Amino acid sequence: MSHENQSNQAESTPAAVIILAAGAGTRMKSRTPKILHRIGGTSMVGHALAAARGLAPQELAVVVRHERDRVAEHIVELDAGALIVDQDDLPGTGRAVQVALEALDAHSAVEGTVVVTYGDVPLLDTATLQELVLTHKKEANAVTILTAVLDDATGYGRIVRATDGTVMRIVEHKDATEEQRAITEINSGIYAFDAAVLRESLTRVDSNNAQGEMYLTDVPSIARKAGGRVAAVVSADRWQVEGANDRVQLAALGAELNRRTLERWMRAGVTIADPNSTWIDVDVQLDEDVTILPGTQLHGATQVARDAVVGPDCTLTDVVIGEGANVIRAHGSGARIGAGASVGPFTYLRPGTVLGESGKIGAFYETKNVTIGRGSKLSHLGYAGDAEIGENTNIGCGNITANYDGLNKHRTSIGSEVRTGSNTVFVAPVSIGDGAYTGAGAIVRKDVPAGALSIVAAPQRNLDGWVEQKRAGTAAAKAAAQASSTPSSEESDPS
């Protein structure tokens, strides 16, 4: 990190960040609290926490109320150092900030810059918050407001500026005059405050309004009247301040976040054949020269190494893919695919699947909790679960490990250089030695020694005339009768 970046990092470090996350979000029409809805693989409040932590604040508080225990548990999972603050019965953003500041002050009085943001603005990033804090400190403001300019500002609070460019006040849309409604600069609700100014101003905010709430938007005008400087930082990116109040807005934010994620990876050297049909979570990691083909979704902590090709039509969660591997039309989670290996098409990789270097799991195969050694192949139409397979083994078509006895799961061990015939069933627990073979249709119930051939074969019986007797009148019976009455080529050859 350069000295300049280190300096900016230090200057943009606030005393505290307060994230407001107490709202019910009724317009989501969901049993899931609004801020727990996800885009890019992360909850909205998760995005907010990441942006806030990027500032390296001395303290981080999150104000909760609706579904308090569920929300608090999720926040602690993401950020154990966050202070959970309960909003009381007095409603309003002003009161939410006040209880958070009181809770923070209970440890030690907060001095310096306090940033206030929200749990439902998932595209807000650390860089924008840093600019807000830097401007706040550089200009020695009492309050600095993050704003945006919109083509249609309907419903938003308008920023009314003085002739010197500072902010005189925020006017809510419903209270604005026609002239004020023509203003296109809007209040995002995201602020940097001087802690002492915020603390004092909140004591002057009342709830004598139609909603009976303490409005945080009252603080800038109170601070200005007290002689403080109130200014604004205009975000050139409106998506940074967009919140999600319903599922339509959530989907729009999700699509924009995905577009940005894909663009970032393409600029980093990843080929994405069709961005319109590709979705990649924010925590996914891709190397240079990875190729992503259409219809692919990469979720969670998925990692893809250089020169690997994924797709088309793959959905993978927490899957690690090695260099040069190829995965086509597969669904999987919690799996590891080795370098140069191939998977698919129409393959289901369940958790615990480990495919070794240059190995293969082919068409219409399901795997779970199985380790497959280097160069081994499970090519088609089978199931391998609770198993270990050695190196350079070839598992024939239609093989399955029968791992469940109705009460417990059991393991199958198959050695290296093994060749198994089609439709072999391994009844676990069972072990197959190195270099062993199984015959087609074998049901292996006992261990097979190294180098042995296991066959389970009864003599074949042909019941002549059975079809004509038991299926008389069917097309099969007619065909059989015709075949019986037609002389063979040897019988019709006069020589």
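**Exercise 1. Describe residues 17–146: what share is helix, what share is strand, and how far apart are the end C-alpha atoms?**

Solution.
Step 1. Take the make-up. Over residues 17–146 the chain is 38% helix and 22% strand. Helices (H or I, at least four residues) and strands (E, at least two) are DSSP runs, numbered from the N terminus.
Step 2. Take the ends. The end C-alpha atoms of this stretch are 14 Å apart.
Step 3. Add the record. An unreviewed UniProt entry gives residues 17–146 the feature "domain: MobA-like NTP transferase". UniProt positions follow the numbering used here, feature names are shortened, and annotations may be inferred rather than shown by experiment.

Two notes on the model. It is predicted, local features need pLDDT of at least 70, side-chain atom pairs count only at pLDDT 80 or more, and totals for chains, interfaces and linings use all residues. Residues are numbered from 1 along each chain as its sequence is written, and side-chain values use heavy atoms, with hydrogens and water left out.

**Exercise 2. Which residues of helix 3 (residues 68–78) are buried, and which are exposed on the other side?**

Solution.
Step 1. Fix the terms. Buried means under 20% relative accessible area, exposed over 50%, partly exposed in between (1.4 Å probe, protein chains only).
Step 2. List the buried residues. In helix 3 they are Val71, Ala72, His74 and Ile75.
Step 3. Explain the pattern. These residues cover an arc of only 160 degrees around the axis, so they sit on the same side of helix 3. The arc is that of the directions from the helix axis to the C-beta atoms.
Step 4. Turn to the other side. There, Asp69, Glu73 and Glu77 are exposed.
Step 5. Find the cover. Strand 2 (38–39), strand 3 (42–43), helix 2 (44–53), strand 4 (59–64) and strand 5 (83–86) are included in what covers the buried residues. Contact here means heavy atoms within 4.5 Å.

**Exercise 3. In what sense do strand 8 and strand 9 pair, and over how many bridges?**

Solution.
Step 1. State the rule. Two strands pair if DSSP finds at least two bridges between them.
Step 2. Apply it. Strand 8 (residues 158–161) and strand 9 (residues 167–171) pair in the antiparallel sense over 4 bridges.
Step 3. Pick one bridge. The partner of arginine 161 in strand 9 is valine 167.
Step 4. Look at the turn. The hairpin has 5 residues between the strands, and glycine 165 takes a positive phi near 90 degrees.

**Exercise 4. Where does methionine 28 lie, and which residues does it touch?**

Solution.
Step 1. Place methionine 28. It is in the loop between strand 1 (16–21) and strand 2.
Step 2. Check burial. Methionine 28 has a relative accessible area of 2%, so it is buried.
Step 3. List contacts, leaving out residues up to four places away in sequence. Methionine 28 touches Lys34, His37, Met44, Ala244, Asn245, Asp246, Arg247 and Leu250.
Step 4. Compare sequence and space. Methionine 28 and valine 248 are 220 residues apart in sequence and 9.0 Å apart in space, C-alpha to C-alpha.

**Exercise 5. How many salt bridges does the structure hold, and where do the partners Glu263 and Arg267 lie?**

Solution.
Step 1. Count. The structure holds 25 salt bridges. A salt bridge is a side-chain nitrogen of Lys or Arg within 4 Å of a carboxyl oxygen of Asp or Glu.
Step 2. Take the pair. The closest N and O atoms of glutamate 263 and arginine 267 are 3.4 Å apart. Both residues lie in helix 9 (residues 247–267), 4 residues apart, about one turn of the helix.
Step 3. Check exposure. Glutamate 263, at 31% relative accessibility, is partly exposed. Arginine 267, at 70%, is exposed.
Step 4. Widen the view. A network of salt bridges links Asp237, Glu256, Arg259, Arg260, Glu263 and Arg267.
Step 5. Examine glutamate 256. It is found in helix 9. At 10% relative accessibility it counts as buried. Glutamate 256 touches Leu123 and Trp239, not counting residues up to four places away in sequence.

**Exercise 6. Which parts does the salt bridge of aspartate 289 and arginine 306 tie together?**

Solution.
Step 1. Give the distance. The closest N and O atoms of aspartate 289 and arginine 306 are 3.3 Å apart.
Step 2. Place both ends. Aspartate 289 is in the loop between strand 14 (285–286) and strand 15 (291–292), and arginine 306 is in the loop between strand 17 (303–304) and strand 18 (309–310), so the pair ties together parts 17 residues apart in sequence.
Step 3. Check exposure. Aspartate 289 is partly exposed at 42%, and arginine 306 is partly exposed at 33%.
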